[in-house]
Every structure is written in C-alpha cells, then in structure tokens.
Amino acid sequence: MRAPTVYLHNKHRTVSTAVSGNMFRAVFRLSAAGSRSLTRTRPCYSAPLAARCYSLVKEETDEEFDSRWATYFSNPDIDAWELRKGMNTLIGYDLVPEPKILDSALRACRRLNDLASAIRILEAVRDKAGPHKDIYPYLIQELKPTLTELGISTPEELGIDKL
Amino acid sequence: MTRQTHAYHMVDPSPWPLTGAAAAFLLTSGLTTWMHTQSLMLLTAGLILTLLTAYQWWRDIVRESTFLGHHTLPVQKGLRYGMILFITSEVFFFLGFFWAFFHSSLAPTPELGGYWPPAGITPINPFEVPLLNTALLLSSGVTVTWAHHSMMKGCRTQAIQALTLTILLGFYFTTLQAEEYFEAPFTIADGVYGATFFVATGFHGLHVIIGSTFLTVCLYRQVKYHFTSNHHFGFEAAAWYWHFVDVVWLFLYASIYWWGSLPL
C-alpha cells in the first residue's frame, strides 16, 4: 500500500508527513503546526486538511491476484459448479484475465470434459476486451500451445464468432 | 366430583386428525393420479376433505378456547412454541428454494450461455410492479402492528380498521402478482430461470393467501368479540405468520427479482 501523505495547505508553509503505519502521529504533528500558523497575523489560506484514510489492509498485487486465480482453477478436485462459478466471478471483474489464469481454467475444463465451457471462456475474454481489439489476438497467441495440446478450437476456427 | 389438578388441556377425542391424514393420502395419490391419467377425482376429494378438516379442527379450537376457557397460560405458552417451530420449519422450506436459485444463478451452465439472467430471458423490471408489491407488504406489516397495539389498548374500532387494511393490502398484492404471472414474458417451463422463479414466488404467493385467510378469520373473530386486550394469541400467531411472509418476500425481491435481473 502506498504510504499516505498529509498536507496542511498554507501559503507559507507546507507540511508533508509520510506516515508509515500510525496515522495519528501525523494528526498530532499537524495540529501543532496549525496552532503555530494561527498565531501569526499574516493573512493565510487554510483549506481543510487533505487526509488519506486508507485501511491498513495490504492490497493484493496483480501477480498475487493472477496466482490466486490460477491456483483456484488448478485444484485437481474442482467440480463443474466451481469452474462455472469461478469463471463468472472472474468475468465480473473490471479486467481481462491474464493468459496464466486462462490456461489454468482451460486445463480445468479438460479435466471436467467440458469443451463447451472452454470455448465459451475464449468468447468471454474477447468480449471483456471490449474496444481494445488487440488484446484477444494476443491472448490466443499466448494460449496457442495450450489450445493445441488440449484440442480446443477457437470460436473463429469453428465459424461461430459471427452471428 | 373429580376435576383436573393441572393447568393443561387434555383434549377430547376428535375425528379431525384422522380425516386430515386421509386428506393427505388423497392429495398425494390424487396428484400422482392426475399426472398419469386425466382424472382429478382423488385430488378434488383430497382438497375438499382438507378444507373441511381445517375448518372443523380450527373451529373446535376456537370453541375450546374462547367459549370453554381451556387456553390457560401454560397452554398458550405451548401454542406459542408450536407456532414458532412451525414458522421455523417454513423458513427451512423456503431455504431449499433459495438454495436451488443460487446454485443455478451463481454458476450458470453453458446451456444458458454461461450467464444470468440466461440467454433469451427478459426478466421482470424489479422497479415496476415488484417494487410496489414490496411497498404493499411492508405497509401491511405496519398496519398489522397498528392493529395489535389497538387490540392491546382495547381500541376495538381501530383494531378492526387496521386489520381490514392489512387484509386489503394483502389482497392487492395477490391481485398484482396474479397479473404479473399472466403478463410475464417467460413461463415455469423456461429452463431453470422459469423453474426457480415460479416455484419460489409461487410458494410465496400461496403463503400470502394462507396468511390473508388467517388474518381474515382473525378479523371475523375480532368483530365477534372473541379477543380480549390481553388474550388474543390467534391474532398474534397470524401476525407472526404475516411478518414471516413479508420477510420471505424481501429476500425474494432482493435476490431473484433484483440481483437476478442484473445484466452482464
């Protein structure tokens, strides 16, 4: 998590405090600075303090997210419901899943003998890319060895990509 | 002269448990027969016998309590436990249908297109009639509470007014729901969406009708001076049941109508 910085807006003084962990330290420092500036008669502009109130929970990195999802699909005992649930949750996020995750999901489809879902995954990620038309060909390119190994045709190869 | 030396009610022999069991048998065998032949005879007989059993059994309970005074405090306590346990069992009944709904909607199969609502389904807009229905049931929860407080305060006319309003709100809900069923762009046969929708909302609607009937009986009894300001358990049981019906609707509305209709 990026350390929050706190500013006291004052024409003649800027207090920036990098806080690691304890945010209350910054508040104490600020109030001391504030009272000092108030005693001056010079006109000064005091805007409300801009304080970051991030939770102390460590946010997941992109790599951790990808690994977590790849692990989810690589469970040898995953069942059909869990596969579909995982895909639905994943597709609900505001991102296009990385090839690493999709590879794991496609292998889960193979273990579950679900070719329909495997091809559907490809259709779904193409849709997720939206207007960014270069993402899908990149994904197919990265997944080509896996698609060949598992015998999964793309919607384009099957001619079902057009209505 | 002998008399009982405890406060409990040792009920007189009654034929209604037997007719009730016979009715259950006729209903089940009747339903099965109807599914395999064209005959509705057994089922109709079962329905009539069920209604007769219910009417006469509950009529006897009113006679035992209001007219014969057998419902002492311990007896009432037992009835309270009974109603609570029954409603709890109904909660589990609905839990099953909600399980079915979430099982199908959280992990939609390829046949549905892998998403929910499934391909080809136009869900009912949750902010049209269903939202009105929600307002109706919530309001009826308020009016039934108003009726209860009026009853406890001895305000006879207000109790009658509030109870009548509760029943009218319930009827309006049922009418609107029936219209929705008629107008819906999908049927119970339309895949798992139709199945989960109509079975869950259908059983709920049935419970609304049962609850409305119970409240109507209470209205009749209130008009006929059966209830006192501190002894009206029949009404309390009906109110509990009515609140339960309302809560089930809120869950139906939030999960099936609203969440279940959200697009991709």
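What is the mean pLDDT of chain A, and what share of its residues reach 70 or more? Colour chain A by pLDDT: the mean is 81, and 69% of the residues reach 70 or more. This is a predicted model, with scores of ipTM 0.88 and pTM 0.85.

**Stop 1: the start of chain A.** Select residues 1-37 of chain A. Throughout this stretch pLDDT stays under 50. The model nevertheless has 58 contacts for these residues beyond four places in sequence. Where pLDDT is low, predicted coordinates should not be read in detail, so pass over this segment without interpreting its contacts.

**Stop 2: chain B.** Switch the colouring to chain B. Here the mean pLDDT is 97, and 100% of the residues reach 70 or more. Now split the chain by its domain assignment, selecting 13-70 as domain 1 and 72-261 as domain 2. The C-alpha centres of these two domains of chain B are 24 Å apart.

**Stop 3: between the domains of chain B.** Show the residues in contact: five from domain 1 of chain B and four from domain 2 of chain B. Between them the two domains bury about 350 Å², with carbon and sulfur atoms giving 55% of that area. On the domain 1 side, select B:Val62, B:Thr66 and B:His70, which lose the most area to domain 2 of chain B and together make up 78% of what that side buries. By class, the residues on this side of domain 1 are two nonpolar and three polar, with no charged residue. Across this interface there are zero salt bridges, while two residue pairs are in polar contact, both at pLDDT 80 or more.

**Stop 4: between chain A and chain B.** Bring both chains back into view and select the residues in contact: eight of chain A and 10 of chain B. The area buried between the two chains is about 750 Å², and carbon and sulfur atoms account for 59% of it.

Which elements of chain A give two or more residues to the side that touches chain B? They are α3 (80-92) and α5 (115-129) of chain A. Select α3(A) and look along it: this helix gives the most to that side, with four residues. Colour the chain A side by class to find two nonpolar, two polar and four charged residues. Charged residues are thus present on the chain A side, yet the interface of chain A and chain B has zero salt bridges. Polar contacts are found there in four residue pairs, both residues at pLDDT 80 or more.

Definitions and conventions. Residues are numbered from 1 along each chain as its sequence is written. Chains are lettered from A and ligands numbered from 1 in the order in which they are written. This is a predicted model: local features need pLDDT of at least 70, side-chain atom pairs count only at pLDDT 80 or more; totals for chains, interfaces and linings use all residues. Side-chain values use heavy atoms; hydrogens and water are left out. pLDDT is the predictor's confidence in each residue, from 0 to 100. Contact means heavy atoms within 4.5 Å. Domain bounds come from an automatic or database domain assignment. Buried area is the accessible area (1.4 Å probe) that two parts lose on being put together, summed over both. A salt bridge is a side-chain nitrogen of Lys or Arg within 4 Å of a carboxyl oxygen of Asp or Glu. A polar contact is a pair of N or O atoms within 3.5 Å; within protein, one must be able to donate a hydrogen and the other to accept it, and residues adjacent in sequence count only if both atoms are side-chain atoms. Ala, Val, Leu, Ile, Met, Phe, Trp, Tyr, Cys and Pro count as nonpolar, Asp, Glu, Lys and Arg as charged, and the others, Gly among them, as polar.
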